[in-house]
Amino acid sequence: MYCYQCQETVKNQGCTIKGVCGKPGPTADLQDLLIFLCKGISVLIETSKSEGQKIDKKYIHFITDSLFTTITNANFHDEKITQLIKKGLTLRDELKASVQDKPEILSSDVVSWSPADDSALLEKSQEVGVLNTEDEDVRSLRELLTYGLKGIAAYAHHARILGFEDEKIDSFMTEALASTLKELSVDEMVALVLKAGETAVTTMALLDKANTTAYGNPEISKVNIGVRNNPGILISGHDLKDMEELLKQTEGTGVDVYTHSEMLPANYYPAFKKYDHFVGNYGNSWWKQSEEFTSFNGPILMTTNCITPVKDAYKERIFTTGTAGYPEVKHIESNNDDPKDFSEIIALAKTCDRLKR
């Protein structure tokens with residue numbers, strides 16, 4: 001294992017045995033392979049665009065969602081990541097078939113590689129990780145760019161869920177990913193890193209527009225940090241659309257909704273204040289999950305990062321959705337444009353004893 005994608009890494013040098021976040025080596029390797037496929041898809045997108053072809057949005061959406069999946073503490077589920085890898089291979093081969101005769105591209109490893117079986121996935125993943133680039137300066141710039149793209153992908157994903165997209169952002173993401181496979185000068189790489197910063201600001205502005213259009217302008221708000229004597233559901237992560245759906249589906253059920261950690265900002269959006277059963281925030285920072293999820297007597301919904309290694313004390317009460325995932329934890333799937341079905345979580349909440357102060 002070698003991972004240094006976040007500020008938590010061992011000695012600020014990289015996690016080599018197991019991630020400080022709890023991520024095991026094989027999971028980190030599979031994430032490297034998923035990013036490798038996103039780079040290959042990006043190369044083919046850039047080639048297709050140069051040939052005047054129109055690019056289907058599904059390829060961009062796959063890249064965005066895949067990069068988001070590899071963010072620290074988002075997804076620890078090898079099976080889910082493997083499913084994404086297989087989907088990526090299918091999408092890559094679709095694009096490959098549409099590219100005109102360009103031997104230097106079609107024969108490149110990132111485009112031509114195909115696994116013989118599932119065991120070949122992990123073997124390949126160990127060949128395409130961070131240390132595959134030998135020059136440490138080039139490696140650092142490429143990785144810095146990749147991490148910037150992960151953040152951009154997260155913002156873009158949330159904006160898209162609410163109906164907002166920007167082709168310039170999409171175009172930069174594929175251009176930047178493809179660039180990590182090219183022999184560029186240091187000045188060219190630094191320029192792309194700086195452009196990533198600029199694009200991140202643009203994407204944050206897009207997400208702000210999406211959030212405020214859907215839920216109103218944030219207001220300075222007092223947030224209740226106590227509990228009521230009703231059954232409750234705890235929701236964390238960053239997906240405000242999931243927050244909205246959960247509030248709609250729990251309305252009139254006698255089940256209260258509490259935010260935790262990253263979902264705390266939901267308390268200052270006007271659209272959510274109309275729900276009488278949205279009663280405040282429970283707990284503190286994401287890293288206190290193990291004790292606070294244990295003490296919360298009800299189900300927990302993780303909509304995105306940050307999920308920490310799940311304890312047996314609440315394993316049967318925690319659910320993931322969206323880009324989040326964890327082994328042996330129930331995942332609430334999306335059904336195209338239909339609202340997610342949170343009925344199982346609501347039913348479970350009703351079986352739990354009431355919350356107590």
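## Cysteines without bonds

A disulfide is a pair of cysteine sulfur atoms within 2.5 Å. By that rule, this predicted model has zero disulfides. Two cysteines show why. The sulfur of Cys 3 has its closest cysteine sulfur in Cys 15, 6.1 Å away, so the gap is too far for a bond. Cys 21 gives a similar picture: the closest cysteine sulfur belongs to Cys 6, at 6.2 Å, again too far for a bond.

Are these two cysteines buried or exposed? Cys 3 counts as buried, because its relative accessibility is 14%, under the 20% cut-off. Cys 21 also counts as buried, with a relative accessibility of 11%.

## Overall build

The protein's secondary structure comes to 12 helices and six strands. Its radius of gyration is 21 Å, close to the 21 Å that the globule rule gives for 357 residues, so the protein is as compact as a globular protein of that length. Along the principal axes, the C-alpha atoms fill a box of roughly 65 × 40 × 35 Å.

Of the 357 residues, 53% count as buried. The accessible surface comes to about 16700 Å². Carbon and sulfur atoms hold 49% of that surface. Contacts often link distant parts of the sequence: among contacts with a separation of 6 or more, 68% join residues 24 or more positions apart.

## Two nonpolar cores

The largest nonpolar core has 75 residues. Ile 85, Leu 149, Met 243 and Phe 272 make the most contacts inside it. Helix α1, residues 25-50, gives this core its largest share, 11 residues. A second, separate core has 18 residues. Phe 293, Ile 307, Tyr 314 and Val 329 are included in this second core.

Which residues does Met 243 touch, leaving aside those up to four places away in sequence? They are Ile 235, Val 257, Thr 259, Met 263, Ala 266, Phe 272 and Phe 278. Phe 272 is thus a contact of Met 243 and, like Met 243, one of the residues with the most contacts inside the largest core.

## Helix α10

Met 243 sits in α10, a helix that spans residues 240-250. This helix is mostly covered: eight of its 11 residues are buried. The buried residues include nonpolar core member Met 243. They also include Asp 242, Glu 244 and Glu 245. Leu 240, Leu 246, Leu 247 and Thr 250 are buried as well.

Both ends have a feature to look for. At the N-terminal end, Asp 239 acts as a cap. One of its side-chain oxygens lies 3.0 Å from the backbone nitrogen of Lys 241. After the helix comes Gly 252, with a positive phi near 80°.

## A buried threonine and an exposed aspartate

Thr 70 is in the loop between α2 (57-69) and α3 (78-98). It is buried, with a relative accessible area of 0%. Its side chain makes a polar contact of 3.3 Å with the side chain of Lys 150. Leaving out residues up to four places away in sequence, Thr 70 touches Gln 5, Gln 31, Leu 34, Ile 35 and Lys 150.

Asp 353 lies in the segment after α12 (343-351). Asp 353 is exposed, because its relative accessible area is 56%, over the 50% cut-off. Asp 353 and Gly 298 are 55 residues apart in sequence. In space, their C-alpha atoms are 7.9 Å apart.

Methods:
Residues numbered from 1 in each chain as written. Predicted model: local features only at pLDDT ≥ 70, side-chain atom pairs only at ≥ 80, totals over all residues. Heavy atoms only, no water. Buried < 20%, exposed > 50% of the residue type's maximum accessible area, 1.4 Å probe, protein only. Helix = DSSP H or I, 4+ residues; strand = E, 2+ residues; numbered from the N terminus. Polar contact = N/O pair within 3.5 Å; in protein donor to acceptor, adjacent residues only side chain to side chain. Contact = heavy atoms within 4.5 Å. Rg over C-alpha atoms; globule rule 2.2 N^0.38 Å. Areas by Shrake-Rupley, 256 points an atom, 1.4 Å probe, with all protein chains shown as cover. Core = buried A, V, L, I, M, F, W, Y, C linked by side-chain atoms within 4.5 Å.
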